[in-house]
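This report introduces a structure to a reader who meets it here without earlier acquaintance. The sequence and the model come before the description.

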Amino acid sequence: MVFDYYPGCTLKTKAKELDIYARKAAEKLGFELREFEEWQCCGAVYPMGVDAVAGKTPSVRALKVSQDNGRALVTLCSACHHVLKRVNHKVEEDAALRATLTAYDDELTYDGKTEVLHFLEVLRDKVGFDKLADAVTNPLTGRKIGAYYGCLLLRPGAVMAFDDPENPSIIEDFIKALGATPVKYAMRNECCGGYISLGEPEMSSRMCHKMVDDAKGQGAEELITACPLCAYNVKKQTGDGLPITYFTKILAEALGLDVEGVQPC
């Protein structure tokens, strides 16, 4: 299996380990992430204004490349996935936007048909968690791991179609496939306040502490996430409250891959 791969800016800088572990794991599991030769920043925030056409063009360019290649487009960063998926959906449903994009630049003629997948969806829907479990050589037995979804992967639920936004299970099923014990807790799908951390640091801190305290109260000893902003913000706001790392790191560990020498976020 070959997928087009959109890494996004943060995976080239502060979140290199999210990217590196995923590439190693993909190779071990028998599929290829083929990075675009050229890509632009997605913008990190979905441009909601009806006239915000220019803000959607970087995503449209990436989506069109995958359409032309005849491949699904895979992302790892929660923010990139969120923006690409929502832009794709908007283009597909909005004929006026499609016409505006074409008028803006005829190279942006695109109909919204590219399949956008998160790496976790590839593991669940293309590889299969049962086959992932069979590939594990270093089961994470005895580790109690909480999944921190945050908000971007799950909402808006009808557009993202990633999992049940109120009671998700994909990351818990992933943790189980690696041999660890998934810990469910109520606030695993709540926002960490990452986007307000500079303007409202106290509020963001309260949001992070409530989430971490909830996870600890249910027995979690560590957290995993797919979001670089969540990882950064939770660490910054809670310190040693609970270790938090990327889901791709524990994947690489369970597959028996070398995880040494990669600098943490």
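A salt bridge here is a side-chain nitrogen of Lys or Arg within 4 Å of a carboxyl oxygen of Asp or Glu. The model is a predicted one, and it holds 15 salt bridges, three of which are listed below with their closest N to O separation.

| Pair | N to O separation |
|---|---|
| D19 and R23 | 3.0 Å |
| E115 and K126 | 3.6 Å |
| D125 and R124 | 2.8 Å |

The E115 and K126 pair links distant parts of the chain, with E115 in the loop between α4 (95–104) and β4 (116–118) and K126 in helix α5 (residues 119–127). E115 is partly exposed at 38% relative accessibility, and K126 is also partly exposed, at 35%. D19 and R23, by contrast, are four residues apart in helix α1 (residues 16–29), so about one helical turn separates them. D19 counts as buried at 6% relative accessibility, whereas R23 is partly exposed at 29%, and both belong to a network of salt bridges that also includes K12 and E35.

Turning to the strands, an open sheet of four follows the order β6-β5-β7-β8 with parallel pairing. Because β6 (181–183) and β8 (244–246) stand at the edges with a single partner strand each, one side of each is left without a neighbour in the sheet. Neighbouring strands are turned by 40° against each other on average, direction ignored. Strand β7 (residues 222–225) pairs with β8 over three bridges, and I224 has T245 in β8 as its bridge partner. Helix α10 (residues 228–238) packs on the sheet, where it touches β7 and β8, and its direction makes about 160° with that of β8.

Technical notes: Residues are numbered from 1 along each chain as its sequence is written. This is a predicted model: local features need pLDDT of at least 70, side-chain atom pairs count only at pLDDT 80 or more; totals for chains, interfaces and linings use all residues. Side-chain values use heavy atoms; hydrogens and water are left out. Two strands pair if DSSP finds at least two bridges between them. Helices (H or I, at least four residues) and strands (E, at least two) are DSSP runs, numbered from the N terminus. Axes are lines fitted to C-alpha atoms, for helices over the stretch in contact, and angles run from 0 to 180 degrees between N-to-C directions. Contact means heavy atoms within 4.5 Å. Buried means under 20% relative accessible area, exposed over 50%, partly exposed in between (1.4 Å probe, protein chains only).
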